[in-house]
Amino acid sequence: MESKFDEIIDRTNQLDIKWGQSEKVFGSIDVLPMWIADMDFASPKPVLDALKSLLDSRILGYTAPPDTLYQAIIDWQKERHHMELTKEAILFSPGVVPSIALIIQTFTKENEAIMIHDPVYTPFSNMITLNHRRCVRSTLIVEQNQFKMDFIEMEKQMVEQQVKLFILCNPQNPGGRVWSKEELIQLAELCKKHQILIISDEIHGDLIFQPYQLASLVTLDVSYQEFVITLSAATKTFNLAGIKTSMIYVQNKFLADQLKLAQAKMEQSNLTTFGYIGTETALTKCGPWLTDLLQYLSENLEIICAFFDKELPDVSYMKPQGTYLFWFDCSSLNMTDAELAAHFATVGKIGLNAGAAYGPAGSHYMRLNFAASKSLIIEGLNRIKLAFENQ
């Protein structure tokens with residue numbers, strides 16, 4: 001049966017990084033871009049209609065987040081993730097990465113240590129080093145083609161490096177791992193023991209495949225709310241990256257007051273009308289769209305796994321439990337990381353994220369974005385196979 005997600009939308013003439021930067025990033029306009037994490041699907045119609053209605057008003061004046069937006073966020077988090085929020089615990093930010101930078105600047109000092117996993121989303125380390133903090137990487141263990149935390153090594157580094165802040169990615173990017181309650185509790189207890197603040201980046205938290213479920217750290221024990229700051233947004237879930245809006249959930253009043261003051265100093269808390277309206281509309285009217293999206297992404301994932309199992313049986317991969325990101329091992333090509341990225345672009349004519357960008361442990365891996373029509377997924381898989389067959 002034909003799906004609304006089968007439509008191929010021409011993005012080449014938009015102000016679009018994913019499709020508009022191929023020549024700059026990959027050296028050719030002929031590359032099929034399946035890299036940066038936004039979707040090739042139309043954003044939900046209720047959101048587009050709401051934004052069109054805003055434009056029809058013909059005046060784009062100053063705005064503030066309405067109470068209805070706060071309530072939409074509170075209801076969504078309670079119903080979907082069992083998270084109890086108040087209006088006072090919700091701060092707005094232009095994005096998850098700016099939020100991470102804000103928290104780093106507010107609660108750590110220059111040269112203090114901040115821990116992340118390896119591999120993990122590249123801006124984590126960028127924000128640490130650009131703000132002149134020490135980046136401590138905890139290498140994830142691979143067991144049965146899934147990432148696991150190395151708690152023994154983590155605690156050793158926490159003590160030796162005097163870690164002040166831990167940045168968690170849940171679900172994990174690039175591997176798609178949805179951390180279990182048991183793992184998260186063990187992590188939280190370690191950080192509580194050593195008085196380490198936690199940032200929990202849950203921007204992919206609504207993109208979870210059955211039978212897995214997201215467990216937000218702050219829902220596992222009320223005491224964790226004292227030292228865990230949660231980051232979220234509707235932008236990843238509903239393909240709205242361009243509205244530049246995210247939320248910071250801070251249930252510890254002292255931490256919340258510190259962040260509000262830091263935002264006030266930089267005038268960072270006032271966002272766009274498009275962000276407020278887009279977020280509220282998505283959370284109140286687009287639940288069915290998300291249900292359909294997850295079904296389509298799940299089908300895409302099965303197509304990819306079946307293709308790798310049949311056509312590239314010697315290539316290991318991680319089947320994601322969440323996100324729309326597929327992480328696979330290219331070490332059989334016997335190339336350097338720089339050679340790998342160029343090889344897929346020039347031989348396969350496909351643009352992928354190089355694993356080395358996510359940390360040393362990402363060496364010889366590549367990341368595929370499968371939030372695209374099935375026809376593009378199949379085309380991309382054939383290009384990947386071509387790259388593996390032509391060394």
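A cavity here is a set of grid points where a 1.4 Å probe fits but cannot get out, and its lining residues have an atom within 4 Å of one of those points. With that in hand, here is a set of close-ups of a predicted model.

**View 1. The second largest cavity, with a volume of about 40 Å³.** Around this space sit Trp 76, Gln 77, Asp 206, Ser 232, Ala 233, Ala 234, Met 247, Tyr 249 and Leu 283. Helix H4 and strand S10 each put at least two residues into the lining. Sorted by class, the lining has 6 nonpolar, 2 polar and 1 charged residues.

**View 2. The largest cavity, holding about 50 Å³ of space.** The structure has 2 cavities of 30 Å³ or more. For the largest cavity, the lining is made by Gln 77, His 81, Glu 202, Gly 205, Asp 206, Leu 214, Ser 216, Thr 230, Ser 232 and Tyr 249. H4 and strand S9 (228–232) each bring at least two of the lining residues. Here the classes come out as 2 nonpolar, 6 polar and 2 charged. Flip back to the second largest cavity and you'll meet Gln 77, Asp 206, Ser 232 and Tyr 249 in its lining too.

**View 3. The largest pocket, with a volume of about 1,400 Å³.** Look for Ala 37, Asp 38, Leu 240, Ala 241 and Gly 242, which are the closest to the pocket's centre of the 50 residues that line it. Several elements each supply at least two lining residues: helix H1 (17–20), helix H3 (45–56), helix H5 (96–107), helix H6 (122–130) and strand S14 (353–354). The lining breaks down into 28 nonpolar, 13 polar and 9 charged residues.

**View 4. The second largest pocket, with about 710 Å³ of space.** This one is lined by 30 residues, and the closest to its centre are Ile 208, Gln 210, Tyr 212, Gln 213 and Leu 214. Two or more lining residues come from each of helix H4 (67–81), strand S6 (146–148) and helix H11 (287–311). H11 is the top contributor, giving 5 residues. As for classes, the lining splits into 10 nonpolar, 14 polar and 6 charged. Leu 214, one of the residues closest to this pocket's centre, also turns up in the lining of the largest cavity.

**View 5. Ser 246, in strand S10 (residues 246–250).** With a relative accessible area of 1%, Ser 246 is buried, because buried means under 20%. Its side chain reaches the backbone oxygen of Gly 95 at 3.3 Å. Setting aside neighbours within four places in sequence, Ser 246 is in contact with Leu 91, Phe 92, Ser 93, Pro 94, Gly 95, Val 96, Ser 99, Ser 232 and Ala 233. If Ser 232 and Ala 233 ring a bell, they are among the residues lining the second largest cavity.

**View 6. Gln 268, in the loop between helix H9 (253–266) and helix H10 (273–285).** Gln 268 has a relative accessible area of 17%, so it falls under the 20% limit and counts as buried. Not counting residues up to four places away in sequence, Gln 268 touches Phe 92, Ser 93, Pro 94, Pro 98, Leu 102 and Gln 263. Phe 92, Ser 93 and Pro 94 are also among the contacts of Ser 246.

**View 7. His 132, in the loop between H6 and strand S4 (134–139).** Why is His 132 partly exposed? Its relative accessibility is 48%, and partly exposed covers the range between under 20% and over 50%, so that is the class it gets. Leaving aside its neighbours within four places in sequence, His 132 is in contact with Glu 110 and Asn 111. Lys 109 is 23 residues apart from His 132 in sequence, and the two are 8.4 Å apart in space, C-alpha to C-alpha.

**View 8. Cysteines in a structure with 0 disulfides.** Cys 305 is in no disulfide: a disulfide needs two cysteine sulfur atoms within 2.5 Å, and the nearest cysteine sulfur, that of Cys 330, is 15 Å away. At 5% relative accessibility, Cys 305 counts as buried. Cys 286 is buried as well, with a relative accessibility of 0%.

How values were computed:
Residues are numbered from 1 along each chain as its sequence is written. This is a predicted model: local features need pLDDT of at least 70, side-chain atom pairs count only at pLDDT 80 or more; totals for chains, interfaces and linings use all residues. Side-chain values use heavy atoms; hydrogens and water are left out. Buried means under 20% relative accessible area, exposed over 50%, partly exposed in between (1.4 Å probe, protein chains only). On a 1 Å grid over the protein atoms alone, a cavity is a set of points where a 1.4 Å probe fits but cannot get out, and a pocket is an open set with protein on both sides within 12 Å along at least five of seven lines; lining residues have an atom within 4 Å of a point. Grid points are joined across faces, edges and corners, and a volume is the space filled by probe spheres set on the points. Helices (H or I, at least four residues) and strands (E, at least two) are DSSP runs, numbered from the N terminus. Ala, Val, Leu, Ile, Met, Phe, Trp, Tyr, Cys and Pro count as nonpolar, Asp, Glu, Lys and Arg as charged, and the others, Gly among them, as polar. A polar contact is a pair of N or O atoms within 3.5 Å; within protein, one must be able to donate a hydrogen and the other to accept it, and residues adjacent in sequence count only if both atoms are side-chain atoms. Contact means heavy atoms within 4.5 Å.
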